Amino acid sequence: MCREERPTFGRDDFNVLVLPFIAGSCSAHRRSSSPSIDHLNWDLVLASSFSNLAMDGRCSSRSSKRVLASLPASEFSSQLNWSEKVPIDGADIACQICKLGDREDQLLLCDRCNQGFHSTCLRPIVFRVPLGPWLCSNCSCNRQKSITDFPLVQTKIIDFFRIQRSFDLTEGPSKRRKTTSSICMKKKSRRLLAYTPSKDPLQRLKQMASVATALTSSSIEYSNELTYMPGLAPRSANNPSLEKGGMQIMKKEDKASYQKCKEMCKRGDCPPLLVKFDSHEGFVVEADGFIKDLTIVAEYTGDVDYMSKRENDDGDSIMGLLFTDSESKDLVICPDKRGNIARFVSGINNHTREGKKKQNLKSVRFDIDGEAHALLIAIRDIHKGERLYYDYNGYQNDYPTEHFV
Ligand SMILES: C[S@@+](CC[C@H](N)C(=O)[O-])C[C@H]1O[C@@H](n2cnc3c(N)ncnc32)[C@H](O)[C@@H]1O
């Protein structure tokens with residue numbers, strides 16, 4: 001078949017997960033030759049990322065494309081341009097939901113079971129033709145089972161996350177120096193905190209395994225840094241002094257916490273987070289231990305590029321990094337090739353009170369040593385098992401979240 005070259009809108013709504021790397025190999029209609037899940041080497045596994053203030057900027061683009069993406073779901077789906085797709089060769093496939101074989105151009109074929117589904121019969125509606133292989137909910141549930149079944153192989157984890165070999169992952173997290181506390185009552189400190197890794201080494205391995213699995217399934221190489229690739233924006237373009245209205249410079253003491261997080265990641269003391277799979281939201285991130293208010297949970301990492309060059313990008317994870325007076329200088333972080341756990345964190349539905357209540361993180365941009373960075377920071381105490389959420393919209397409201405759960 002094909003769900004081919006995609007229309008220009010966000011994929012925000014799969015009730016199934018689009019797993020480009022892992023998807024099944026049995027479909028006759030696949031465009032690519034991704035390895036079968038059954039053939040994946042699940043030895044692979046683990047580490048993490050780490051990762052007001054001058055506010056968040058997910059997908060804050062000034063482009064007209066984003067305006068299209070922010071239309072309500074009903075209006076949005078009627079504007080889909082499916083005409084670019086290539087029809088299935090002579091196949092007579094009916095939608096498994098409405099049982100009709102009409103609207104052939106809207107039929108998505110599962111890359112594992114080959115069953116058809118109208119994009120508009122799926123709940124939530126699939127707005128964008130998946131770029132890679134696509135699995136129906138039945139098949140993605142089966143696949144998810146294998147996601148949680150991987151073996152924990154320490155050497156693989158060390159290699160995956162390029163953890164410094166001098167550290168022993170079987171030990172507890174390295175000891176921290178005790179800080180002296182004053183007897184006087186102090187004003188509540190608003191200092192940023194470094195995260196506290198889980199003490200149990202096996203638990204940390206599992207956390208890292210979950211990140212490695214999610215990244216591998218999404219064909220993303222692990223990177224805990226902003227990356228400047230040839231042909232994309234150079235490092236010199238990331239100049240926070242160009243930020244319209246200025247960007248908050250990270251305070252010295254907060255920088256110490258930030259650096260500590262970076263160091264911990266390098267030695268495999270990952271943040272206490274687990275990536276899980278949710279049939280509505282896709283990959284999601286959960287706290288796997290207590291996270292205190294104001295903790296730096298992760299840095300949003302990936303390739304830095306000019307926003308103007310990404311206007312037709314179909315990624316749903318592009319994060320705004322620098323907003324200048326000149327659109328041509330605005331920067332974004334693109335985690336589609338390199339990235340870390342931050343790109344799996346869910347967004348709130350910021351159109352509903354329920355959605356807003358879920359928020360426990362904030363995406364905040366800082367000038368750190370003359371380079372803009374986007375960090376995900378806890379805005380309240382978060383308990384083990386809580387799913388992490390932040391508002392994908394910063395000061396602009398152009399990331400469509402009205403269909404979010
Ligand atoms: C930055 S990615 C988050 C990771 C994503 N779940 C994945 O599996 O790769 C953003 C996409 O995740 C999904 N998502 C995030 N938050 C959601 C929510 N609250 N409800 C439904 N889908 C959500 C949407 O498809 C959105 O376009």
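1. Start with Met264. In this predicted model, Met264 counts as buried because it has 22 C-beta neighbours inside 10 Å; the cut-off for a buried residue is 20 or more. Met264 sits in helix H6, residues 252-266. Thr196 is 68 residues away from Met264 in sequence, yet their C-alpha atoms are 9.4 Å apart in space.

2. Next, the helix that carries Met264. H6 has 15 residues. From first C-alpha to last, H6 reaches 21 Å, close to the 21 Å expected at 1.5 Å a residue. Met264 has buried company in H6: Asp254, Tyr258, Cys261 and Cys265 are buried too. These residues cover an arc of only 125° around the axis, so they lie on the same side of H6. A general point helps here: an α-helix has 3.6 residues a turn, so residues three or four places apart point the same way.

3. H6 has another face. Turned away from the buried side, that face carries Lys252, Glu253 and Gln259, which are exposed. What do the buried residues of H6 pack against? They pack against strands E3, E8 and E14. Just after H6 comes Gly268, with a positive phi of about 90°.

4. The three strands that H6 packs against belong to one open sheet of 4 strands, in the order E3-E8-E15-E14. The pairing in this sheet is mixed. Its edge strands are E3 (193-194) and E14 (361-368), and each of them pairs on one side only. Inside the sheet, E8 (residues 295-299) and E15 (residues 371-378) run antiparallel and pair over 3 bridges. Glu299 stands opposite Leu375 of E15.

5. Two loops next to these strands deserve a check of the backbone. Asp369 lies in the loop between E14 and E15. Its phi is near 50°, a positive value in a residue other than glycine. Is Asp369 buried or exposed? Asp369 is exposed, because 10 other C-beta atoms lie within 10 Å and the limit for an exposed residue is 12 or fewer.

6. Arg162 is the second case. Arg162 is found in the loop between helix H4 (154-160) and E3. Phi of Arg162 is also positive, near 50°, and the residue is not glycine. Here the count is 14 other C-beta atoms within 10 Å, so Arg162 is partly exposed.

7. There is another open sheet of 4 strands, in the order E5-E9-E11-E10, and its pairing is mixed. E5 (226-227) and E10 (319-322) are the edge strands, each pairing on one side only. E10 pairs with E11 (residues 331-334) in the antiparallel sense, over 3 bridges. Across that pair, Met319 stands opposite Ile333 in E11.

8. Ile333 also leads into the core. The largest nonpolar core has 68 residues. Which of them touch the most other members? They are Ile296, Val297, Leu321, Ile333, Leu361, Leu376 and Ile377. The largest share of this core comes from helix H5 (residues 201-217), with 7 residues. Leaving out residues up to four places away in sequence, Ile333 touches Leu226, Tyr300, Thr301, Gly302, Val304, Met319, Leu321 and Ala374. Another core lies apart from the largest one. This other core has 12 residues, among them Leu107, Cys110, Trp134 and Leu135.

9. H5 merits its own look. How many of the 17 residues of H5 are buried? The number is 13, and H5 is mostly covered. The length of H5 agrees with expectation, because its 17 residues should span 24 Å at 1.5 Å a residue and its end C-alpha atoms are 24 Å apart. Just after H5, Ser219 takes a positive phi of about 55°.

10. Last, the whole chain. The protein chain has 7 helices and 16 strands. Of its 405 residues, 46% are buried. Met264, the starting point, is one of the buried residues of H6.

Note on methods. Residues numbered from 1 in each chain as written. Predicted model: local features only at pLDDT ≥ 70, side-chain atom pairs only at ≥ 80, totals over all residues. Pairing = 2+ DSSP bridges. Expected span 1.5 Å × (residues − 1). Arc of directions from axis to C-beta. Contact = placed C-beta atoms within 7 Å. Core = buried A, V, L, I, M, F, W, Y, C linked by C-beta atoms within 7 Å.
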